[in-house]
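Dear colleague,

I am passing on the structure we spoke about, and below it you will find an account of what came out of going through it. Please read the notes with the structure open beside them.

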Amino acid sequence: MRFSFGKNWRNYSRTISDNDIGTSTGHIQNLLQLDSLEGMTFLDVGSGSGLSSLAANSLGADVT
């Protein structure tokens with residue numbers, strides 16, 4: 001059986017709340033000691049849920 005990542009993530013993404021993204025955004029800001037990621041690139045290597053990428057994008061990063 002082949003794992004259907006796109007379908008699986010689409011189902012998961014429906015459960016992500018604005019609060020979840022806000023919490024992740026705060027964690028990134030605390031970790032990097034930055035308020036914004038404007039003008040920066042955020043590399044997502046595909047090893048997690050994608051929540052950090054959503055948060056980085058909300059901080060202004062170009063997510064790759």
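Contact here means that heavy atoms lie within 4.5 Å, and by that criterion residues 24 or more positions apart account for 44% of the contacts in the chain with a separation of 6 or more. Please keep in mind throughout that this is a predicted model.

As to the overall layout, the chain holds three helices and two strands, which follow one another along the sequence in the pattern α-α-β-α-β. The C-alpha trace spans about 45 × 25 × 15 Å along its principal axes. Of the 64 residues in the chain, 19% are buried, while the area that the chain exposes comes to about 4800 Å², with carbon and sulfur atoms supplying 53% of it. The side chains include 4 positive and 6 negative ones, and the centres of these two sets lie 24 Å apart.

Helix α3, which runs over residues 51-58, has Leu51, Ser53, Ala55 and Ala56 as its buried residues, and the elements that cover them include α2 (18-32), β1 (41-42) and β2 (62-63). Two of the helix residues, Ala55 and Ala56, also belong to the largest nonpolar core, whose six residues are Ile28, Leu37, Ala55, Ala56, Leu59 and Ala61. If residues up to four places away in sequence are set aside, Ala61 touches Leu37, Met40, Phe42 and Ala56. Just after α3, Gly60 adopts a positive phi of about 105°.

Two serines deserve a separate look. Ser53 is located in helix α3, and because its relative accessibility is 10%, below the 20% limit, it counts as buried. Leaving out residues up to four places away in sequence, Ser53 is in contact with Phe42, Asp44 and Val63. Ser24, for its part, is placed in helix α2, and it counts as buried because its relative accessibility is 9%. With the same sequence neighbours left out, that is, those up to four places away, Ser24 touches Leu51, Ser52 and Ala55, and of these Leu51 and Ala55 are among the buried residues of α3.

Turning to the loops, which residue between α2 and β1 should be inspected for its backbone? Gln33 is found in that loop, and its phi is near 55°, a positive value in a residue other than glycine. Most residues other than glycine have a negative phi, so this may be a place to look at with your own eyes. Gln33 counts as exposed, because its relative accessibility is 64%.

In the loop between β1 and α3 lies Leu43; is this leucine buried or exposed? Leu43 is exposed, because its relative accessible area is 60%, over the limit of 50%. Leu43 and Ala61 are separated by 18 residues in sequence, and their C-alpha atoms are 9.5 Å apart in space, whereas Ala61 itself is one of the residues of the largest nonpolar core.

With kind regards

Notes:
Residues are numbered from 1 along each chain as its sequence is written. This is a predicted model: local features need pLDDT of at least 70, side-chain atom pairs count only at pLDDT 80 or more; totals for chains, interfaces and linings use all residues. Side-chain values use heavy atoms; hydrogens and water are left out. Helices (H or I, at least four residues) and strands (E, at least two) are DSSP runs, numbered from the N terminus. Buried means under 20% relative accessible area, exposed over 50%, partly exposed in between (1.4 Å probe, protein chains only). Accessible areas come from the Shrake-Rupley method with a 1.4 Å probe; for residues, only the protein chains shown count as cover. Lys and Arg count as positive and Asp and Glu as negative; His and the chain ends are not counted. The place of a charge is taken as NZ of Lys, CZ of Arg, CG of Asp or CD of Glu. A nonpolar core is a set of buried Ala, Val, Leu, Ile, Met, Phe, Trp, Tyr and Cys residues joined through side-chain atoms within 4.5 Å.
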